[in-house]
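Let's work through some exercises on a protein chain. Have a go at each task before you read the solution.

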Amino acid sequence: MRSIILNLAVSFDGMIEGPDGELDWIVKDEKMDFGDILNEILSDKDIIFYGRVAYEKFGQQQAGENASPKIKEAFRLLNSKTKYVFSQTMKNDHTGAIIISTGIREKVQEIKQQPGKNIWLYGGAKIATTFFNLDLIDEIRLAIHPVILGKGKPLFQHIEHRKRLILLSSRDYPSGVTLVKYKVENR
């Protein structure tokens, strides 16, 4: 069965965005190219689940005209994945994304049963909360950045019940970023 993996960057105090939605706090690692990071994230996935806002911001993002070949290839790979958008307001967007507005648990369970690779849950706090509360997240991979924002959008809010996490691995980078991977024990 496929696993749903929440994979995001967070500040040390658990924010996924600054107070105005900014991401300028994300620490760049001089030894890690963004293309390498994106390729690593996508290597074991063939589906991406988005919340509406994340999809509108990033779902059709392309590499810049002056981007390196590695970045261009990473974005080509990103845009080759099957994309689902969870939204009650979005209608067919004509970009090939599949919109799910009702029956989330049942539809997600059906998708998880299909053969294939894992699923990247790429969205904001709202979709993460929905998936946590429906016991649909199997693994969490967080890149914890050495920045305390104090204000912003927290990743974890309105979680209805306790989640036990089992550490799978952790990796430190020279930039101070720590990548942690946890298995989620669902009820």
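**Exercise 1. Find out which residues of helix 5 are buried, and how many of its residues that makes.**

Solution. Keep in mind that you're looking at a predicted model.
- Step 1: The cut-off to use is that buried means under 20% relative accessible area.
- Step 2: Go along the helix and you'll pick out Ala125, Ile127, Ala128, Thr129, Phe131, Phe132 and Asn133 as buried.
- Step 3: Helix 5 covers residues 125-133, and 7 of its 9 residues are buried, so this helix is mostly covered.
- Step 4: Now look just past the end: helix 5 is followed by Asp135, which has a positive phi, near 55 degrees.

**Exercise 2. Asp135 forms a salt bridge; find its partner and work out which parts of the chain the pair ties together.**

Solution.
- Step 1: The partner is Lys163, and the closest N and O atoms are 2.3 Å apart.
- Step 2: Place both residues. Asp135 sits in the loop between helix 5 and strand 7, while Lys163 sits in the loop between strand 8 (153-154) and strand 9 (164-172), so the salt bridge ties together parts that are 28 residues apart in sequence.
- Step 3: Check the cover: Asp135 and Lys163 are both buried.

**Exercise 3. Describe the salt bridges that Asp44 makes with Lys45 and with Arg141, and say whether each of these residues is buried or partly exposed.**

Solution. A reminder before you start: side chains of opposite charge can pair when their charged atoms come close.
- Step 1: Start with the neighbour in sequence. The side chains of Asp44 and Lys45 form a salt bridge with an N to O distance of 2.6 Å.
- Step 2: Go on to Arg141, which also bridges to Asp44, with 3.1 Å between the closest N and O atoms.
- Step 3: Arg141 belongs to strand 7 (residues 139-145), and Asp44 to the loop between helix 1 (34-42) and strand 3 (45-51), so this pair links parts 97 residues apart in sequence.
- Step 4: Sort them by accessibility. Lys45 has 0% relative accessibility, so it counts as buried. Arg141 is buried too, at 11%. Asp44, at 21%, counts as partly exposed.
- Step 5: Put the pieces together: Asp44, Lys45, Glu139 and Arg141 are linked in a network of salt bridges. A search of the whole structure finds 13 salt bridges.

**Exercise 4. Lys112 carries a charge; is this residue buried or exposed, and which residues does it touch?**

Solution.
- Step 1: Locate Lys112 in helix 4 (residues 104-113).
- Step 2: Its relative accessibility is 4%, so Lys112 counts as buried.
- Step 3: Leave out residues up to four places away in sequence, and Lys112 touches Met1, Arg2, Ile4, Ile119, Leu136 and Asp138.
- Step 4: For a sense of scale, the C-alpha atoms of Lys112 and Pro154 are 27 Å apart, with their positions 42 residues apart along the chain.

**Exercise 5. Decide how compact the whole chain is.**

Solution.
- Step 1: Take stock of the elements: 5 helices and 10 strands.
- Step 2: The radius of gyration is 16 Å, close to the 16 Å that the globule rule gives for 187 residues, so the chain is as compact as a globular protein of that length.
- Step 3: Add the dimensions: the C-alpha trace spans about 45 × 40 × 35 Å along its principal axes.
- Step 4: Finish with the cover: 42% of the 187 residues count as buried.

Notes:
Residues numbered from 1 in each chain as written. Predicted model: local features only at pLDDT ≥ 70, side-chain atom pairs only at ≥ 80, totals over all residues. Heavy atoms only, no water. Buried < 20%, exposed > 50% of the residue type's maximum accessible area, 1.4 Å probe, protein only. Helix = DSSP H or I, 4+ residues; strand = E, 2+ residues; numbered from the N terminus. Rg over C-alpha atoms; globule rule 2.2 N^0.38 Å. Salt bridge = Lys/Arg side-chain N within 4 Å of Asp/Glu carboxyl O. Contact = heavy atoms within 4.5 Å.
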